Amino acid sequence: MGVFERAKAASGLSEGADETAPYVCLACGAPHEVQYHRCPDCESFDIRCARWVEE
Ligand SMILES: [Zn+2]
């Protein structure tokens with residue numbers, strides 16, 4: 001585990017140790033740290049877990 005990952009773990013943000021944000025807007029592709037009900041960028045409701053989208 002590198003210094004960067006350790007810092008993320010200490011801050012409580014590390015679940016899967018991924019570089020990408022946990023959620024993504026399917027409409028505009030914007031990454032989000034939290035699962036918005038509505039995308040603040042394009043106002044779409046298609047916010048999904050980034051992990052599901054990738055697979
Ligand atoms: Zn969007």
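Here are some short exercises, each with a worked solution, on the predicted model shown above.

**Exercise 1. The parts list**

Find how many helices and strands the chain has, and in what order the elements run.

*Solution.*
Step 1: Begin by counting. The chain holds 2 helices and 3 strands.
Step 2: Now walk along from the N terminus. The elements come in the order α-β-β-β-α.

**Exercise 2. The sheet**

Work out the order of the strands in the sheet, and explain which strands stand at the edges.

*Solution.*
Step 1: Read the strands across the sheet. This open sheet of 3 strands has the order E2-E1-E3, and the pairing is antiparallel.
Step 2: Look for strands with a single partner. Strand E2 (31-32) and strand E3 (47-49) each have one partner strand, so they stand at the edges, and one side of each is left without a neighbour in the sheet.
Step 3: Zoom in on one pair. E1 and E2 run antiparallel and are joined by 2 bridges.
Step 4: Pick out a residue here. Val-24 stands opposite Pro-31 in E2.
Step 5: A reminder helps with the picture: strands of a sheet pair through backbone hydrogen bonds, either parallel or antiparallel.

**Exercise 3. The nonpolar core**

List the residues of the largest nonpolar core, and say which element gives the largest share of this core.

*Solution.*
Step 1: The largest nonpolar core has 5 residues, namely Tyr-23, Val-24, Cys-25, Cys-39 and Ile-47.
Step 2: Strand E1 (residues 23-25) supplies 3 residues, the largest share of this core.
Step 3: Take one core member, Cys-39. Setting aside residues up to four places away in sequence, Cys-39 touches Cys-25, Ala-27, Cys-28, Ala-30, Ser-44 and Ile-47.
Step 4: As background, nonpolar side chains in soluble globular proteins tend to be buried together.
Step 5: For the chain as a whole, buried residues make up 9% of the 55 residues.

**Exercise 4. Buried or exposed?**

Decide whether Ile-47, Val-34 and Tyr-36 are buried, exposed or partly exposed.

*Solution.*
Step 1: Recall the cut-offs: 20 or more other C-beta atoms within 10 Å make a residue buried, 12 or fewer make it exposed, and anything in between is partly exposed.
Step 2: Ile-47, in strand E3, has 20 other C-beta atoms within 10 Å, so this residue is buried.
Step 3: Val-34 lies in the loop between E2 and E3. With 8 other C-beta atoms within 10 Å, Val-34 is exposed.
Step 4: Tyr-36 lies in the loop between E2 and E3. Its count is 16 other C-beta atoms within 10 Å, so Tyr-36 is partly exposed.

**Exercise 5. Who meets Ile-47?**

Find which residues Ile-47 is in contact with, leaving aside its neighbours within four places in sequence.

*Solution.*
Step 1: The contacts are Tyr-23, Cys-25, His-32, Gln-35, Tyr-36 and Cys-39.
Step 2: Check one distance. Ile-47 and Gln-35 are 12 residues apart along the chain, and their C-alpha atoms are separated by 6.5 Å.
Step 3: Try another residue. Val-34 is 13 residues from Ile-47 in sequence, with 9.5 Å between the C-alpha atoms.
Step 4: Then turn to Tyr-36. Tyr-36 and Tyr-23 are 13 residues apart in sequence and 8.5 Å apart in space, C-alpha to C-alpha.

**Exercise 6. A backbone angle**

Describe the phi angle of Glu-43 and the surroundings of this residue.

*Solution.*
Step 1: Locate Glu-43 in the loop between E2 and E3.
Step 2: Its phi is near 65 degrees, a positive value in a residue other than glycine.
Step 3: Set that beside the general pattern: most residues other than glycine have a negative phi.
Step 4: Finally, Glu-43 has 11 other C-beta atoms within 10 Å, so Glu-43 is exposed.

Notes:
Residues numbered from 1 in each chain as written. Predicted model: local features only at pLDDT ≥ 70, side-chain atom pairs only at ≥ 80, totals over all residues. Core = buried A, V, L, I, M, F, W, Y, C linked by C-beta atoms within 7 Å. Helix = DSSP H or I, 4+ residues; strand = E, 2+ residues; numbered from the N terminus. Contact = placed C-beta atoms within 7 Å. Pairing = 2+ DSSP bridges.
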